[in-house]
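Me: I would like to learn how to read the features of a protein model, one at a time, with the general idea stated before the particular case.

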Amino acid sequence: SSGINAEWPLRPGSGKAIKVLTGHDGYLGECQFLSDKQILTSSGDHMCILWDIATGQQITTLKDHLGEVDCLSILPDNNTFLSGSTDATVKLWDLREGMCKQTLVGHLSDVVDCKWLANGLNFVTASDDGIVRLFDIRSDQEIAQYSYEYPQAGVSCVDTSLSGRIIFAGYDDFNVILWDTLLGDLLYVLSEHGAKVSCLGVDRDGVALCTGSWDNLLKIWN
């Protein structure tokens, strides 16, 4: 990647970038809109940047990770977000102060995905170490972990049900695992993909799960 993030209009037949934001010196790990005026990006340059879309200027540059920053998860208040890194940590940031407020450890390898639970106090993570972990920001630590075999296949993506009771995790061994958040039990294995499961997400109503894979397929489950 060139380290450039391009914003594309959602108009059929356009095909031209309406704004190019330059400033990162590494690949783009993830980008998420805070609003139609601001966007947050993470990068292989170890940084996260908050951008003003209209001007294309950087509002805040956030530096604290010692490795590439691969994933983001923003709370609905748009003031607090998580970042996961190849330094095996997850950091909690306050955009109002432009500072890292907490660093949570536990993983033994790259953190490749992270998602807040709806309560805004807990979050789940996916890592190349093959373990899904549940963290609590009040106690500043991991409170549960979920793994189903040894040696573990890497976990590539993660999300939760709207209630937070079920964790959905995609794995490098082509499987999607459903975990019971409270009991730690493996509930179900979805094994219809033919390659690494690279992304997944639950729809806004919580009634369907979409999974994407290196087999070039998207699958929708209910």
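The dialogue that follows takes up the sheets, the hairpins, the cores, the pocket and a few single residues.

Me: What kind of model is this, and how are its residues numbered?

Reply: This is a predicted model, in which local features need pLDDT of at least 70 and side-chain atom pairs count only at pLDDT 80 or more, whereas totals for chains, interfaces and linings use all residues. Residues are numbered from 1 along each chain as its sequence is written, and side-chain values use heavy atoms, with hydrogens and water left out.

Me: How should I read a sheet, and in what order do strands 3, 4, 5 and 6 lie?

Reply: Strands are DSSP runs (E, at least two residues; helices are H or I, at least four), numbered from the N terminus, and two strands pair if DSSP finds at least two bridges between them. Here four strands form an open sheet in the order 3-4-5-6, with antiparallel pairing. Strand 3 (28-33) and strand 6 (57-63) are its edge strands, each pairing on one side only. Neighbouring strands of this sheet are turned against each other by 20 degrees on average, direction ignored; the axes are lines fitted to C-alpha atoms, for helices over the stretch in contact, and angles run from 0 to 180 degrees between N-to-C directions. Within the sheet, strand 5 (residues 47-52) is joined to strand 6 by six bridges, the two running antiparallel, and L50 has T60 in strand 6 as its bridge partner.

Me: Which strands are at the edges of the open sheet with the order 7-8-9-10?

Reply: That sheet has four strands with antiparallel pairing, and its edge strands are strand 7 and strand 10 (99-104), each of which pairs on one side only. The twist averages 25 degrees from one strand to the next. Strand 9 (residues 90-94) pairs with strand 10 in the antiparallel sense over five bridges, and the bridge partner of W93 in strand 10 is C100.

Me: What should I look for in a hairpin, and which residue between strand 13 and strand 14 takes a positive phi?

Reply: One can look at the pairing and then at the backbone of the connection. Strand 13 and strand 14 run antiparallel and are joined by five bridges, with R133 having Q145 in strand 14 as its bridge partner. Four residues stand between the strands of this hairpin, and D140 takes a positive phi near 60 degrees, although D140 is a residue other than glycine. Strand 17 and strand 18 (residues 186-190) pair in the antiparallel sense over four bridges, and I177 stands opposite V189 in strand 18. The hairpin of strand 17 and strand 18 has five residues between the strands, and there G184 takes a positive phi near 80 degrees.

Me: Is D140 buried or exposed, and how does one decide?

Reply: Buried means under 20% relative accessible area, exposed over 50%, and partly exposed in between (1.4 Å probe, protein chains only). D140 counts as partly exposed because its relative accessibility is 40%. N216, in the loop between strand 20 (209-213) and strand 21 (218-221), also has a positive phi, of about 75 degrees, although it is not a glycine. N216 counts as exposed because its relative accessibility is 73%.

Me: How is a nonpolar core defined, and how many residues has the largest one?

Reply: A nonpolar core is a set of buried Ala, Val, Leu, Ile, Met, Phe, Trp, Tyr and Cys residues joined through side-chain atoms within 4.5 Å. The largest has 15 residues, and those with the most contacts inside it are V132, Y146, I167, Y171 and W179. Strand 12 (122-127), strand 13 (132-136), strand 14 (141-146), strand 15 (155-160), strand 16 (166-171) and strand 17 (176-180) each supply at least two residues of this core, the largest share, three residues, coming from strand 16. Apart from this core lies another, of 12 residues, among them C71, F123, F135 and I137.

Me: Which residues does I167 touch?

Reply: Contact means heavy atoms within 4.5 Å. Not counting residues up to four places away in sequence, the residues that I167 touches include V124, V132, Y146, V158, I177 and W179.

Me: How is a pocket found, and what is the volume of the largest one?

Reply: On a 1 Å grid over the protein atoms alone, a pocket is an open set of points with protein on both sides within 12 Å along at least five of seven lines, whereas a cavity is a set of points where a 1.4 Å probe fits but cannot get out; lining residues have an atom within 4 Å of a point. Grid points are joined across faces, edges and corners, and a volume is the space filled by probe spheres set on the points. The largest pocket has a volume of about 560 Å³. Of the 15 residues that line the largest pocket, the closest to its centre are Q32, K115, D159, V202 and R204.
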